[in-house]
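User: I should like to see how the descriptive terms applied to this model are justified. Please set each value against its definition.

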Amino acid sequence: MKSVVQYKMKIGNIQLDNNTVLAPLAGITNLPLRLLAKEAGCGLVCSEMISANGLVYGSGKTLQMLASTAEEKPLSVQIFGSRPDLMAEAAAMVADSGADILDINFGCSVRKVLKTGSGSALMKDAAVARDVMVAVRKAVRIPLTIKIRSGWTPTGEQALDIARLAQDCGVDAVAIHPRTATQAFRGCADWSLIARVRDHVNIPVIGNGDIETPAGALKMMAETGCDAVMVGRAAMANPWIFSQIVALQQGREFPSPTLEKRFAIMLRYLQASVRHIGEAHACRMMRSRLGWFVKGLPHSSRFRESIKRVETESETADLIRSYHKILKAEVDPLPSVR
Ligand SMILES: Cc1cc2nc3c(=O)[nH]c(=O)nc-3n(C[C@H](O)[C@H](O)[C@H](O)COP(=O)(O)O)c2cc1C
């Protein structure tokens with residue numbers, strides 16, 4: 001077991017407040033969700049993956065994915081693609097949009113993405129991977145990172161090779177989700193591979209995969225020596241996990257969110273989503289998303305049922321407020337949800 005625990009980290013010239021990172025999650029880590037994670041103490045937020053082709057060919061929907069505000073900074077924007085020239089052009093657009101860090105997706109194993117040679121397909125072909133990284137590195141001055149999987153075999157050799165290649169190409173940090181491309185999300189993440197990658201390169205390594213609790217994050221850091229932890233699915237249900245990790249690192253109590261905070265953040269998430277993607281789309285999203293924040297609370301299934309058909313912001317906000325009222329009357333103090 002390694003005992004290195006770092007609280008702060010730098011990616012290139014970007015100093016992070018702490019070493020927790022929100023994982024890129026397609027369809028989820030849009031601006032409103034990132035603002036929420038940031039407010040909950042996250043050190044670095046990442047965009048969902050954005051198509052390099054979509055950016056270069058000016059798809060309005062894709063360009064909208066670059067929207068950002070000062071409050072969420074620093075921001076890492078992830079792109080995917082496989083043509084070095086298009087990736088370089090897209091990377092320059094991302095840098096021009098004001099992103100602080102550019103990340104290349106080497107991990108997506110969805111068939112539609114693999115078919116184009118992108119995502120984890122890049123881990124199969126070191127020559128293309130190299131051309132992409134060299135072209136992108138030349139195109140932007142902001143720090144560059146890559147996010148990889150174990151590769152295509154359980155040995156993890158491809159991860160070691162790509163991480164070293166990345167370092168040689170001037171990449172500033174590597175994030176690893178140690179599952180193979182064929183594994184998708186089955187089985188367990190192999191944290192021992194994070195430790196091997198950490199030993200294999202000199203650039204910062206961000207460990208990812210199956211962190212479910214603040215204690216789990218510290219366990220990953222202690223076992224692997226990774227410089228930062230990246231949390232995906234657990235942050236959807238509990239965005240406060242970031243400040244809880246930091247508190248635990250510092251030997252403080254977990255700042256469990258109060259009922260007031262929890263409902264205030266739900267309302268802000270709704271408002272920010274309406275502003276960002278419009279009322280109809282935002283309300284459709286809220287039908288499933290708001291349920292994440294009330295997991296484990298009394299009557300949460302009734303609340304989830306009630307928001308299934310919401311269509312307007314005011315209707316959704318009313319349902320949030322009346323559920324809050326019911327809980328305030330019934331539950332005092334609130335059991336902490338972690
Ligand atoms: C719904 C969903 C969407 C994802 N989208 C992306 C993505 O856009 N880019 C990426 O690199 N990884 C993506 N991932 C993988 C996550 O970033 C992360 O590596 C994985 O969920 C493991 O971390 P976790 O156990 O903390 O969730 C996605 C995962 C999920 C569940």
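Analyst: The following exchange takes up domains, helix packing and the ligand shell. The model is predicted, so that local features need pLDDT of at least 70 and side-chain atom pairs count only at pLDDT 80 or more, while totals for chains, interfaces and linings use all residues. Residues are numbered from 1 along each chain as its sequence is written.

User: Why are H6 and H7 called roughly parallel to each other?

Analyst: The axes of helix H6 (residues 126-139) and helix H7 (residues 157-168) cross at roughly 30° and come within 10 Å. Angles run from 0 to 180 degrees between N-to-C directions, and axes are lines fitted to C-alpha atoms, for helices over the stretch in contact. Angles under 35 degrees count as roughly parallel, over 145 as roughly antiparallel, 65 to 115 as roughly perpendicular and the rest as oblique. H6 and H7 are therefore roughly parallel.

User: Which residues make that contact, and what classes do they fall into?

Analyst: Ala126, Ala129, Arg130 and Met133 of H6 meet Asp161, Ile162, Leu165 and Ala166 of H7. Residues are in contact if their C-beta atoms, placed from the backbone, lie within 7 Å. Six are nonpolar, none polar and two charged. Here Ala, Val, Leu, Ile, Met, Phe, Trp, Tyr, Cys and Pro count as nonpolar, Asp, Glu, Lys and Arg as charged, and the others, Gly among them, as polar.

User: What makes H1 roughly antiparallel to H12?

Analyst: H1 packs against helix H12 (residues 259-277) at an angle of about 150°, with the axes 8 Å apart. By the same scale, H1 is therefore roughly antiparallel to H12. The contact joins Leu31, Pro32, Leu35 and Leu36 of H1 to Ile265, Tyr269, Ala272, Ser273 and His276 of H12. Seven of these residues are nonpolar, two polar and none charged.

User: How is the chain divided into domains, and what touches across them?

Analyst: Domain 1 covers 9-249 and domain 2 covers 259-330, with bounds from an automatic or database domain assignment. Their centres, taken over C-alpha atoms, are 29 Å apart. Eight residues of domain 1 are in contact with seven of domain 2. On the domain 1 side, H1 provides the largest share, four residues.

User: Which residues come nearest the ligand, and what is the make-up of its shell?

Analyst: Ala23, Met49, His177, Gly232 and Arg233 come nearest among the 21 residues around the ligand. A residue is counted as near if its C-beta atom, placed from the backbone, lies within 6 Å. The shell has 10 nonpolar, seven polar and four charged residues.

Definitions and conventions: Two residues are in contact if their C-beta atoms, placed from the backbone, lie within 7 Å. Helices (H or I, at least four residues) and strands (E, at least two) are DSSP runs, numbered from the N terminus.
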